[in-house]
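The following exercises are to be worked through with the sequence and the structure at hand. Each task is followed by its solution.

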Amino acid sequence: MSFVEVLPQILEPFKGVKGVALEEYFTSGHRTCQGCESALVMKLMIKAAGDRTIVLGSTGCMYVANTTYYTTPWVVPWMHTQLGSSGSAALGTAAALKALMRKGKMKSEPINVIAFCGDGGGADMGLSAISATLTHRDYNCLILMYDNESYANTDIQLSGSTPYGAYTTFSPAGKVKRIMHKRWKKNTAGMLAAGHPECRYVATVCPTYAVDMMNRVRKALTLGGPTFIHSLDPCPKGWDYDPMYSHELGEMAVKCGIFPLYEVEDGKLSFYGQTKYLVEGRTKRLPVREYLNRQGRFAHFLDEDVEYFQAKVDEMWEKWLLPGVLPFTKE
Ligand SMILES: Cc1ncc(C[n+]2csc(CCOP(=O)(O)OP(=O)(O)O)c2C)c(N)n1
Ligand code: SF4
Ligand SMILES: [Mg+2]
């Protein structure tokens, strides 16, 4: 039996908006909400990857709203997988392609494998499968976690990625208890980058910065091996704001330092975009107050809640060993 090494595709970065591919592989026929940034993430992700790509998606808005009544916007091969199994689906598909090519049952060619999951499916339920996949250096697959900060599809339940204090159907603000959700958001990308020495690439992205985002997808696929991308996606329904402000809220989350943009390539960390400016001191972090005020899920916040939120973000930047990335503090 001959050994066949399946090399990844080489996808050069898009040089600005004018260099972006015109082809669409996530088209009309979906039923996501108006202003849904997760739908935009799907569109950009597959635009960046191109047509020689298999997409796998775990249960959530990006499954349910994209496969209604026997219609689908996906132009590339696509398969649904169970809510907690984006990691297993990615690895299994990459392994199956490799085996079929080795046995000569299909032409040997680089095919991208991308599995997406929501924050419920990725940061919570599917974390162990993602972790396992990130230890298998021999398989080329990207796991993209689209983070709308709730279990949105089942009507906005709290996830490990929901921000402190946010109103969800599992954490409604009441007269006796104003703040029901008192845990700080899970640091998924930092945790996966720190704990998986075989993983070649971890990045955070925000679809507000579309070209930057697509180029992180292209880099992940080009590097090969198991890779992970975490995108922050404003969700008009769960976050409770007018859909026209989706992009602006993504921008504010980055500029407030709530969601730092960075990549870790073979263990080397670099910040990019607006976050790089913050790290280099070229711009100042925006206060979180306006970001919070613009969303109905924080409408019950009093001044003390905003101050607590701000203090926690300050801590991420001023006390963490790697600002916004690794939450250890030095003695
Ligand atoms: C094992 C399992 N438990 C519960 C569900 C019900 N369910 C379907 S979608 C969903 C929400 C998933 O949340 P997330 O992964 O964040 O994706 P989103 O809906 O936010 O896009 C839940 C709980 C399920 N499909 N499978
Ligand atoms: S609930 Fe949020 S994530 Fe789901 S389709 Fe609507 S905007 Fe998109
Ligand atoms: Mg979600």
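**Exercise 1. Contacts of ligand 1**

Which residue has a backbone N or O atom 2.9 Å from an oxygen atom of ligand 1? Then describe the surroundings of ligand 1.

Solution. The model is a predicted one.

Step 1. The backbone atom belongs to Cys-61, and the distance of 2.9 Å is within the 3.5 Å allowed for a polar contact.

Step 2. Two further polar atoms approach oxygen atoms of ligand 1. Tyr-146 contributes a polar side-chain atom at 2.7 Å. From Asn-153 comes a polar backbone atom, at 2.8 Å. On its own, ligand 1 has 580 Å² of accessible area, and the protein covers 75% of this.

Step 3. The shell of ligand 1 holds 17 residues, of which Gly-120, Gly-121, Tyr-146, Ala-152 and Asn-153 come nearest. By class, the shell consists of 10 polar residues, six nonpolar ones and one charged. Helix 4 (residues 119–125) supplies four residues, the largest share of the shell.

**Exercise 2. The magnesium ion**

List the protein donors of the magnesium ion (ligand 3) and give their spacing along the chain.

Solution.

Step 1. The donors are OD of Asp-119, OD1 of Asn-148 and O of Ser-150, at distances of 2.0 to 2.1 Å from the ion.

Step 2. Read along the chain, these donors follow D-x28-N-x1-S. Asp-119 belongs to helix 4, whereas Asn-148 sits in the loop between strand 4 (141–147) and helix 6 (188–195); the two are 29 residues apart and link distant parts of the chain.

Step 3. Both Asp-119 and Asn-148 are buried.

Step 4. The loop between strand 4 and helix 6 also contains Glu-149. Its phi is positive, about 65°, although Glu-149 is not a glycine. With 4% relative accessibility, Glu-149 counts as buried.

**Exercise 3. The shell of ligand 2**

Which residues surround ligand 2, and how do they divide by class?

Solution.

Step 1. The surrounding residues are Thr-32, Cys-33, Cys-36, Cys-61, Asn-148, Ala-152, Cys-235, Pro-236 and Lys-237.

Step 2. Six residues of this shell are nonpolar, two are polar and one is charged.

Step 3. Compare with the previous exercises. Cys-61 lines ligand 2 and also places a backbone N or O atom 2.9 Å from an oxygen atom of ligand 1. Asn-148 is in the shell of ligand 2 and is a donor of the magnesium ion.

**Exercise 4. Aromatic pairs**

How many aromatic pairs are there? Classify the pairs Trp-74 with Phe-116 and Tyr-164 with Phe-301.

Solution.

Step 1. The count is 12 aromatic pairs.

Step 2. Trp-74 and Phe-116 have ring centres 6.1 Å apart and planes at 20°, and the pair is stacked. Trp-74 lies in the loop between helix 2 (61–64) and strand 2 (78–81), Phe-116 in strand 3 (residues 112–118), and 42 residues separate them. Both partners fall under the 20% limit for buried residues: the relative accessible area is 7% for Trp-74 and 0% for Phe-116.

Step 3. The ring centres of Tyr-164 and Phe-301 are 6.4 Å apart; the planes stand at 65°, so this pair is edge-to-face. Tyr-164 is in the loop between strand 4 and helix 6, and Phe-301 in the loop between helix 11 (289–293) and helix 12 (303–318), so the pair ties together parts 137 residues apart in sequence. Tyr-164 and Phe-301 are both buried.

Step 4. Tyr-164 and Phe-301 belong to one aromatic cluster together with Trp-184, Phe-298, Tyr-308 and Phe-309.

**Exercise 5. Residues in loops**

Are Glu-109 and Asp-266 buried or partly exposed? Give the location of each.

Solution.

Step 1. Glu-109 is placed in the loop between helix 3 (86–102) and strand 3. Its relative accessibility is 17%, so Glu-109 counts as buried. The side chain of Glu-109 makes a polar contact of 2.4 Å with that of Arg-52.

Step 2. Asp-266 is located in the loop between strand 7 (262–265) and strand 8 (268–271). Its relative accessibility is 43%, so Asp-266 counts as partly exposed. Asp-266 has a positive phi, near 45°, as a residue other than glycine.

Definitions and conventions:
Residues numbered from 1 in each chain as written. Chains lettered and ligands numbered in written order. Predicted model: local features only at pLDDT ≥ 70, side-chain atom pairs only at ≥ 80, totals over all residues. Heavy atoms only, no water. Near = heavy atom within 4 Å. Polar contact = N/O pair within 3.5 Å; in protein donor to acceptor, adjacent residues only side chain to side chain. Areas by Shrake-Rupley, 256 points an atom, 1.4 Å probe, with all protein chains shown as cover. Nonpolar A, V, L, I, M, F, W, Y, C, P; charged D, E, K, R; others polar. Donors = N, O, S within 2.8 Å, 3.2 Å for Na, K, Ca; no water. Buried < 20%, exposed > 50% of the residue type's maximum accessible area, 1.4 Å probe, protein only. Phe/Tyr/Trp six-rings, centres within 6.5 Å; stacked < 30°, edge-to-face > 60°.
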